[in-house]
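User: Please take a close look at the charged pairs in this model and the places they sit in, and then work outward to the strands and loops around them. I would like one connected account rather than a list.

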Amino acid sequence: MGFLLEARGLSRSFGQVRALDNAAFDINAGEVVALVGDNGAGKSTLVKALTGNLAVDSGELFLDGKPVTIATPHQASDLGMEVVYQDLALAPHLNPVQNMFLGRETARRGPLGWLGFMDEKAMRARAEAGFRELGATVRSMTAPVGAMSGGQRQQIAIVRAITWANRIVFLDEPTAALGVVQTRNVLDTVKRVRDKGIAVVLISHSMPEVLEVADRVQVMRLGTRVATFAREGTTVDQLVGAMTGSLQATNGGTTA
């Protein structure tokens with residue numbers, strides 16, 4: 001059986017800069033795959049190419065083994081894929097519930113719904129359930145998110161993605177702005193999402209976090225995937241060595 005999502009030969013240049021160079025990627029349903037590499041290795045560019053946020057010059061995408069073109073983020077969402085980027089993409093003037101349901105508002109039943117009235121009670125209940133599952137500590141459900149801390153905004157973005165994705169969640173440095181307790185909640189949530197059969201792509205610079213939650217680790221360098229490691233038996237030194245080019249993939253790892 002093929003992968004849930006697979007990319008082959010993705011390339012993209014920005015002028016003279018080769019951001020993706022024949023890059024590959026694959027992930028199975030119910031699997032956590034960490035995407036690691038030094039700054040500028042092409043991790044975030046690859047995620048944008050996989051989720052309709054960036055057109056590529058060449059390459060192929062396969063979903064459930066079938067060729068697919070994902071041209072827009074909306075199309076990716078329709079396919080059950082959600083992304084949390086480092087900039088979070090939240091509307092600062094809206095509260096957490098409004099951000100979670102932005103573009104997915106629930107209308108009230110009956111004539112009021114036909115007139116455009118929203119079911120704010122139902123949306124808030126679903127949002128609160130999502131925050132409880134994550135263990136999020138959001139200060140207020142009614143305050144604009146622009147007035148909240150970086151950690152709280154990060155949690156809101158993660159809960160939103162997990163709420164709507166039913167196939168793949170992409171998390172770009174999800175714990176970078178979080179404290180110890182919040183980081184633990186995010187890592188536990190990643191495991192719970194995987195256990196539901198949803199694939200998780202995790203971009204992280206924290207090698208201990210990667211080796212705790214990832215089933216496989218794919219290493220990027222200079223715009224291409226250079227190695228894939230199974231978590232079992234892999235060390236931080238091996239990952240760093242593959243990232244820098246000083247160590248070939250060993251101990252269950254494969255070069256790409």
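Analyst: Aspartate 188 counts as partly exposed because its relative accessibility is 25%, and arginine 184, at a relative accessible area of 35%, is partly exposed as well. In this model, which is predicted, the two residues form a salt bridge whose closest N and O atoms are 3.3 Å apart. Both belong to helix H7, and because they are four residues apart there, about one helical turn separates them. The pair is one of 12 salt bridges counted in the model.

A pair with a long sequence separation is that of aspartate 26 and arginine 216, with the closest N and O atoms 2.8 Å apart. Aspartate 26 lies in strand E2 and arginine 216 in strand E9, so this salt bridge ties together parts that are 190 residues apart in sequence. Both partners fall under the 20% limit used for burial: aspartate 26 counts as buried because its relative accessibility is 7%, and arginine 216 is buried with a relative accessible area of 17%. The two residues also belong to a network of salt bridges that links Asp26, Glu31, Arg216 and Arg225.

Another such pair is made by aspartate 64 and arginine 167, whose closest N and O atoms are 2.5 Å apart. Aspartate 64 lies in the loop between E4 and E5, while arginine 167 lies in the loop between helix H6 (150-164) and E7, so the salt bridge connects parts that are 103 residues apart in sequence. Here aspartate 64 is partly exposed, with a relative accessible area of 43%, and arginine 167 is partly exposed at 23%. The backbone of aspartate 64 deserves a separate remark, since its phi is near 55°, a positive value in a residue other than glycine. Most residues other than glycine have a negative phi. Leucine 222 also has a positive phi, near 55°, and is placed in the loop between strand E9 (216-221) and strand E10 (224-230); at 68% relative accessibility, leucine 222 counts as exposed.

The loop that holds aspartate 64 joins two strands of an open sheet, in which four strands follow the order E2-E1-E4-E5 with antiparallel pairing. Its edge strands, each pairing on one side only, are E2 (17-27) and E5 (66-67). Strand E4 (residues 58-63) and E5 run antiparallel and are joined by two bridges, with phenylalanine 62 standing opposite proline 67 in E5. Helix H1 (residues 43-50) lies across strand E1 (5-14), E2 and E4, and runs at about 65° to E2. Lysine 48 is placed in helix H1 and counts as partly exposed because its relative accessibility is 36%. Leaving aside residues up to four places away in sequence, lysine 48 touches Asn53, Leu54 and Tyr85.

On the other side of the 64–167 pair, the loop with arginine 167 leads to E7, a strand that is mostly covered, with five of its five residues buried. In a regular strand the side chains alternate between the two faces of the sheet. In E7 both faces are covered, with buried Ile168, Phe170 and Asp172 on one side and buried Val169 and Leu171 on the other. E7 has parallel neighbours: four bridges join strand E6 (residues 81-84) to E7, and five bridges pair E7 with strand E8 (residues 199-203). Among these pairings, valine 84 has leucine 171 in E7 as its bridge partner, while isoleucine 168 stands opposite alanine 199 in E8.

Proline 174 brings the account back towards the helix of the opening pair, as this residue is found in the loop between strand E7 (168-172) and helix H7 (180-195). Proline 174 counts as buried because its relative accessibility is 3%. Apart from residues up to four places away in sequence, proline 174 touches Gln154, Ile158, Val186, Leu202 and Ile203.

As a nonpolar counterpoint to the charged pairs, Leu112, Leu115 and Phe117 make a surface patch of about 310 Å². Phenylalanine 117 is placed in the loop between helix H4 (111-114) and helix H5 (120-134), and its relative accessibility of 44% is why phenylalanine 117 counts as partly exposed.

How values were computed. Residues are numbered from 1 along each chain as its sequence is written. This is a predicted model: local features need pLDDT of at least 70, side-chain atom pairs count only at pLDDT 80 or more; totals for chains, interfaces and linings use all residues. Side-chain values use heavy atoms; hydrogens and water are left out. Patches are made of residues with over 30% relative accessible area and no salt bridge: like charges are joined within 9 Å, nonpolar side chains (Val, Leu, Ile, Met, Phe, Trp, Tyr) within 5 Å. Accessible areas come from the Shrake-Rupley method with a 1.4 Å probe; for residues, only the protein chains shown count as cover. A salt bridge is a side-chain nitrogen of Lys or Arg within 4 Å of a carboxyl oxygen of Asp or Glu. Buried means under 20% relative accessible area, exposed over 50%, partly exposed in between (1.4 Å probe, protein chains only). Two strands pair if DSSP finds at least two bridges between them. Contact means heavy atoms within 4.5 Å. Axes are lines fitted to C-alpha atoms, for helices over the stretch in contact, and angles run from 0 to 180 degrees between N-to-C directions.
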